[in-house]
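Please open the model in your viewer, with a cartoon for the backbone and sticks ready for the side chains. The stops below each begin with a selection and then say what is to be found there.

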Amino acid sequence: MILRRSLLLVLLLPSLAAAQTSPEDQARGLLEDGRTYRKEGKLKQALDNFQTIVSGFANTSYVDDALLEIGRYYLEVDGEVAKAREAFEQVTKRFPQSDGAPGAYYYLGRLTMDRATSATELDDALAQFARVQRLYPRSEWVARSLYATGLVHRKSGRLADAAEAERRVALEHPSSDAAPAAQFELAQDLALSGDFRQAMEEFQQVRNHFPESEWAPRALDRITALYRLYGSGKPAFAADASYSVGAGDTLKDVRSIVMTPARTLWVASDKAKSAIPFAPDGKMGPGLAGEDLQTMSVAATGDLLVVASRAVRIGPKNLQTFAIPGSKPGETEPLDKLEAASITPGGAVLVSDEKKKKVFRFDGRYQYQGPFPDVKERQVSRMVLDGEGGIVMLDREEKAVRTIDESGKVLRTIATRGPGYELRKPVDVAVDLFRNTYVADEEGGVLLFAPGGQLLATIGTAELKKARAVTVDPAGAVLVYDDKQQRILRFK
């Protein structure tokens, strides 16, 4: 009996070994290892695993998961939108009943939404998210698609619909990974709608329910900013006497200052021939060299743009020049009096040229597209994004500020003069997280305007001698470079 059992075990061992190393098991192992590599930051190894599944284990049930991960890699690591879209579309077309399909539809919707410049494109994004909710109602991707649906509604200007979608995520999927973001965006929708008290309460719910999430500190910043603006009935800003940053040449002939979402303050000094970063603790980091510096801004991608007369530095390494068609066929004319630049959510690159008195539009590959928003001459000396898809332009000669969408439509205007104010020498502009506009005026301090264009407050009239540049930090404090005092003042 013992001998018979031993012989049976010997006969079974090869089949057991084969079962353990079946194509399905091998593909599953590659997928699990690839995801582990991704979490550990070993991104190239992760991509190799996912591609091996697609090419070497094409008949297994893990191909859809691998294609989804490949699409994420191209999107989030390489920024290769076309390759990412191709991978996601393969999932939806080849594996429509797989567990990877709802994720692929979600990412296709995000790709469309993030680059959308028209109502038709936004509707297409909504359709992708609706497919997830309708076809895969039990999928974990439903909560994320509802969350993204709210973002599309907000981008379309439907704030009530946006708030309702985000509220559904918070109520129906409170334990999903999308819940903290949805609660945060619900509060933001209310703030943009003008319901500031309720917005502060909803931001506080982010802190109460998701204290360990990345959204909790952001929510505290928004509460602080809203309370400063509306907590006492009107904006209240006071000079922070303890604030000090920079010294020596870094604060001489400052052309622009920009605060990033990570609270890094960049100072572009033409005297120092560099854009210099300062950490939240005031420590100076390595600068980005440049000649004849003009302005800075933060692109929709998060990259810092440093504008010099002849080129724009996009991020730390990409130094880009621009040219437009010349007077003769086939000839080009370089732009060598640049003043400002911006990269829109749709991927367009906008640059203003002082000599040409126009803003020119280029695509993501820096190919010339034409003047923006039209052929009219403009002396645009500053361009920033308002966080909601608008491009804010300061026209130095006209002494006016306009917010324009990617189609060229004017969304908001701050005229040269209005009830309680007059722009005398406007030199810089900044926008906070609620679309309020801050205009630095050499003779009038910093003027704060509501999205509707009405003056809310004037900041620093007693402390500022000659405002030259302005930026706003994530908690709503206003930083202003004073050209006469050669220092940066903080108002909070």
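Begin by selecting helix 11 together with helix 12, residues 215–231, which pack at an angle of about 160° with their axes 8 Å apart. The model is a predicted one, and local features are described where pLDDT is at least 70. Because angles over 145 degrees count as roughly antiparallel, helix 11 and helix 12 are therefore described as roughly antiparallel to each other. Viewed along the line between them, helix 11 passes helix 12 in a left-handed crossing. To see the contact itself, show side chains for F196, R197, A199, M200, F203, Q204, V206 and R207 on helix 11, and for W215, A216, A219, L220, R222, I223, L226, Y227, Y230 and G231 on helix 12. Coloured by class, this contact shows 13 nonpolar, two polar and three charged residues.

Keep helix 11, residues 196–209, on screen and add helix 10, residues 179–193, whose packing angle with helix 11 is about 170° and whose axis lies 7 Å from that of helix 11. Helix 10 is therefore roughly antiparallel to helix 11. The crossing of this pair is left-handed. On the helix 10 side, select P180, Q183, F184, L186, A187, Q188, L190 and A191, which meet F196, Q198, A199, E202, F203, Q205 and V206 of helix 11. By class, the contact of helix 10 with helix 11 is made up of ten nonpolar, four polar and one charged residue.

For the next stop, hide those helices and select helix 6, residues 101–115, and helix 8, residues 141–155, which pack at an angle of about 15° with their axes 10 Å apart. Which way do helix 6 and helix 8 run, roughly parallel or antiparallel? Helix 6 and helix 8 are roughly parallel to each other, because an angle under 35 degrees counts as such. Helix 6 passes helix 8 in a left-handed crossing. The residues to display are P102, G103, Y106, Y107, R110, M113 and D114 from helix 6, which meet W141, R144, S145, Y147, A148, L151, V152 and K155 from helix 8. These contact residues divide into nine nonpolar, two polar and four charged.

Stay with helix 8 and turn on a pocket surface, looking for the second largest pocket, which has a volume of about 480 Å³. A lining of 23 residues surrounds this pocket, and those closest to its centre are K155, S156, E388, D405 and L411. At least two lining residues come from each of helix 7 (119–135), helix 8 and strand 18 (410–414). Colouring the lining by class gives six nonpolar, seven polar and ten charged residues.

Finally, switch from pockets to cavities, where a search of the whole structure finds one of 30 Å³ or more. The largest cavity holds about 50 Å³ of space, and selecting R378, V380, M393, D395, A400, R402 and I404 brings up its lining. Strand 16 (391–395) and strand 17 (400–404) each supply at least two of the lining residues. Which strand gives the most to the lining of the largest cavity? Strand 17 does, with three residues. In the lining of this cavity there are four nonpolar, no polar and three charged residues.

Conventions: Residues are numbered from 1 along each chain as its sequence is written. This is a predicted model: local features need pLDDT of at least 70, side-chain atom pairs count only at pLDDT 80 or more; totals for chains, interfaces and linings use all residues. Side-chain values use heavy atoms; hydrogens and water are left out. Axes are lines fitted to C-alpha atoms, for helices over the stretch in contact, and angles run from 0 to 180 degrees between N-to-C directions. Helices (H or I, at least four residues) and strands (E, at least two) are DSSP runs, numbered from the N terminus. Angles under 35 degrees count as roughly parallel, over 145 as roughly antiparallel, 65 to 115 as roughly perpendicular and the rest as oblique. A crossing is left-handed if the near helix is turned anticlockwise from the far one by less than a right angle, and right-handed if clockwise. Contact means heavy atoms within 4.5 Å. Ala, Val, Leu, Ile, Met, Phe, Trp, Tyr, Cys and Pro count as nonpolar, Asp, Glu, Lys and Arg as charged, and the others, Gly among them, as polar. On a 1 Å grid over the protein atoms alone, a cavity is a set of points where a 1.4 Å probe fits but cannot get out, and a pocket is an open set with protein on both sides within 12 Å along at least five of seven lines; lining residues have an atom within 4 Å of a point. Grid points are joined across faces, edges and corners, and a volume is the space filled by probe spheres set on the points.
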